[in-house]
Amino acid sequence: MKGLRRVALPRPPWPYDDAPARGPGRPGRPLKGSRVADIGAGTGLATARLHERGAHVVAVEPGAGMATEFRRTLPGVPVVRGNGNALPLADHTADLLTYAQSWHWTDPARAVPEALRVLRPGGALALWWNTAALDVAWIAESARRVDRHFADQNLSAGQRDVDARSADPTGSLDFTHRVVRWSRRVPVDTHLANLGSHSVFLTDGEERAAAFLAEERGHLLAVFPSGVVEETYDVHLLLATA
């Protein structure tokens, strides 16, 4: 549970509007009242925003620990165990399927047909990823330090590879790609908690991860001596209609 709490608490919120619900082929159709399934919901960050905007949401989450945390934070929203490769949902029942930072855990060859099975005609599939804005100098430098720390992985490359071809290598879906930039100001310790909550750090070993984050704190304070970090993100949103 210690690692789960680290994941649940510091992650940045979604700068969410009605765009996924309106989707291609859904002009003027609001999110309020739509039947939405949020797949790979985790602890419910995106689900909560959908629910707040009046959608009738069901969450689908494969992990027992995450589902428990979800029920604690969103007791009024149903959550069922399952994943995008075999959705535990009936045919043609959803106006909108959302994957907030979770589509990359699926096998598109299985997940695309499943999405089309569950969506109603004219329904929308929305995939999005909240990524660090790598064209901002200090963020690019921090990403390079992380890449060096995990020398066998090149983690920042994954943030650049968000496009329709990688999301659906078969080309079955006609995706529209939208990018929304946003920023927030947070204490340096909040920024480091967010960084350290990512799965690569959770498997890095406590002492090694702590040493890296302590060194990273020094780098950040050299850029932000006030101790308040200006984070900048790009949300990559892929939209397709059934």
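**Exercise 1.** Among contacts in the protein between residues at least 6 apart in sequence, what percentage join residues at least 24 apart?

*Solution.* The structure under study is a predicted model. Consider the contacts between residues at least 6 apart in sequence; of these, 72% join residues at least 24 apart. The chain that makes these contacts contains 11 helices and 7 strands.

**Exercise 2.** State how many of the residues, as a percentage, count as buried, and describe the exposed surface.

*Solution.* The protein has 242 residues, and 49% of them count as buried. The exposed surface amounts to about 11700 Å². Carbon and sulfur atoms supply 55% of that surface.

**Exercise 3.** Determine the geometry of the aromatic pair formed by tryptophan 138 and phenylalanine 224, locate both residues, and decide whether each is buried or exposed.

*Solution.* Step one concerns the search: the whole structure holds 5 aromatic pairs. In the pair of tryptophan 138 and phenylalanine 224, the ring centres are 5.2 Å apart and the planes meet at 90°. Planes over 60 degrees apart count as edge-to-face, so this pair is edge-to-face.

Step two concerns location. Tryptophan 138 belongs to helix 6 (residues 137-149), whereas phenylalanine 224 lies in the loop between helix 11 (206-223) and strand 7 (228-241). The two residues are 86 residues apart, and the pair thus links distant parts of the chain.

Step three concerns burial, for which the cut-off is under 20% relative accessible area. Tryptophan 138 has 12% and is therefore buried. Phenylalanine 224 has 13% and is therefore buried.

**Exercise 4.** Which residues do ring pairs link into a cluster?

*Solution.* The cluster consists of Phe150, Phe201 and Phe212, linked by ring pairs.

How values were computed
Residues numbered from 1 in each chain as written. Predicted model: local features only at pLDDT ≥ 70, side-chain atom pairs only at ≥ 80, totals over all residues. Heavy atoms only, no water. Helix = DSSP H or I, 4+ residues; strand = E, 2+ residues; numbered from the N terminus. Buried < 20%, exposed > 50% of the residue type's maximum accessible area, 1.4 Å probe, protein only. Contact = heavy atoms within 4.5 Å. Areas by Shrake-Rupley, 256 points an atom, 1.4 Å probe, with all protein chains shown as cover. Phe/Tyr/Trp six-rings, centres within 6.5 Å; stacked < 30°, edge-to-face > 60°.
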